[in-house]
Amino acid sequence: MKIIAGKYRSRVLVTLEGLNTRPMMSRMKESVFNTIGPFFDGDVVLDLFGGSGALSLESLSRGASFSYIVEKSHEAVKIIKKNVDSLKENDNVKILNMDYKLALKKFKEENRSFDIIFLDPPYRLNIVSEIIDFINANNLLKDKGVIVCQYVAGNYKPQETDQLHIIKNYDYASSEVCIYQKKEDN
């Protein structure tokens, strides 16, 4: 897997072997980043199910200033650390080896909010709706911030809320991606 654009363009990232993590396909990743803004200016990113850290590292390559990567698997965290080390981004990444629920609670307690949140939970978990509700209820997304959700096709029905509107919804055969943006003054 490679970084598509920015200062680390074409740099190769390592991934975890097997089916426990499934990196976002390059074509899908390119579509997502073209939609949310091909380049960023100091954005703070949350990658709630880090996998290899590819989405966070792509964001940093494109100008994000900092990324929080949450990953429960110790093996995946080792891969994330290798990728972060290879790009020398250690000062701009905080890796949290914990369950997503504990991480969300921690961010709520710290009164932290993000410009970009990536939600790509394991397909066996049907939790996108629950996480979006928590993000909205606890103001974890900044005004005009975006949430990028990837899920099994038919496993989640994207819906606009009082706080979020849908920018784009992509269908990629077995999976879908929905991109929300937070409305201002909510």
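# A walk through the fold

Ser52 touches Met1, Val14, Thr15, Ile79, Ile80 and Asn83, leaving out residues up to four places away in sequence. That makes a good starting point in this predicted model. Ser52 sits in a loop, with strand E1 (44-47) before the loop and helix H2 (54-61) after it. The relative accessible area of Ser52 is 8%. Buried means under 20%, so Ser52 counts as buried. Its side chain also reaches a backbone atom: the nitrogen of Ala54, at 3.4 Å.

Now step back to the whole chain. The protein has five helices and seven strands. Their order along the sequence is α-β-α-β-α-β-α-β-α-β-β-β. The radius of gyration is 15 Å, and the globule rule gives 16 Å for 186 residues, so the protein is as compact as a globular protein of that length. Along the principal axes, the C-alpha atoms fill a box of roughly 40 × 35 × 30 Å.

What share of the residues is buried? Of the 186 residues, 49% are. Next come the contacts with a sequence separation of 6 or more. Among these, 64% join residues 24 or more positions apart. The protein exposes about 9,200 Å². Carbon and sulfur atoms supply 46% of that area. The charges come next. There are 26 positive and 25 negative charges, and their mean positions lie 4 Å apart.

Return to single residues, beginning with Tyr156. This tyrosine is placed in the loop that links strand E5 (141-152) and strand E6 (164-172). Is Tyr156 buried or exposed? Its relative accessibility is 10%, so Tyr156 counts as buried. Neighbours within four places aside, Tyr156 is in contact with Val128, Ser129, Ile132, Tyr151 and Tyr180. With Tyr180 there is also a polar contact, side chain to side chain, at 2.4 Å. Another tyrosine, Tyr100, lies 56 residues from Tyr156 in sequence. In space, their C-alpha atoms are 18 Å apart.

Strand E5 itself holds Gln150. At 4% relative accessibility, Gln150 counts as buried. Look for Met28 as well. Gln150 and Met28 are 122 residues apart along the chain, yet their C-alpha atoms are separated by 9.9 Å.

Helix H3 (74-87) offers another stop. Glu75 is in this helix. How accessible is Glu75? Its relative accessible area is 44%, so Glu75 is partly exposed. Glu75 and Gly51 are 24 residues apart along the chain. Their C-alpha atoms are separated by 9.4 Å.

Follow the chain onward from helix H3 to Lys88. Lys88 lies in the loop between that helix and strand E3 (93-96). At 71% relative accessibility, Lys88 counts as exposed. The backbone deserves a look here too. Most residues other than glycine have a negative phi. Phi of Lys88 is near 55°, a positive value.

Which value does phi take at Ser10? It is near 75°, again positive in a residue other than glycine. Ser10 belongs to the segment before helix H1 (26-36). With a relative accessible area of 42%, Ser10 is partly exposed.

Finish at helix H4 (residues 100-109), where Lys106 is found. Its relative accessibility is 26%, so Lys106 counts as partly exposed. Which residues does Lys106 contact, neighbours within four places in sequence aside? They are Leu96 and Met98. Lys106 can also be placed against Lys94. The two are 12 residues apart in sequence. Their C-alpha atoms are 13 Å apart in space.

Technical notes
Residues are numbered from 1 along each chain as its sequence is written. This is a predicted model: local features need pLDDT of at least 70, side-chain atom pairs count only at pLDDT 80 or more; totals for chains, interfaces and linings use all residues. Side-chain values use heavy atoms; hydrogens and water are left out. Helices (H or I, at least four residues) and strands (E, at least two) are DSSP runs, numbered from the N terminus. The radius of gyration is taken over C-alpha atoms; the globule rule is 2.2 Å times the number of residues to the power 0.38. Buried means under 20% relative accessible area, exposed over 50%, partly exposed in between (1.4 Å probe, protein chains only). Contact means heavy atoms within 4.5 Å. Accessible areas come from the Shrake-Rupley method with a 1.4 Å probe; for residues, only the protein chains shown count as cover. Lys and Arg count as positive and Asp and Glu as negative; His and the chain ends are not counted. The place of a charge is taken as NZ of Lys, CZ of Arg, CG of Asp or CD of Glu. A polar contact is a pair of N or O atoms within 3.5 Å; within protein, one must be able to donate a hydrogen and the other to accept it, and residues adjacent in sequence count only if both atoms are side-chain atoms.
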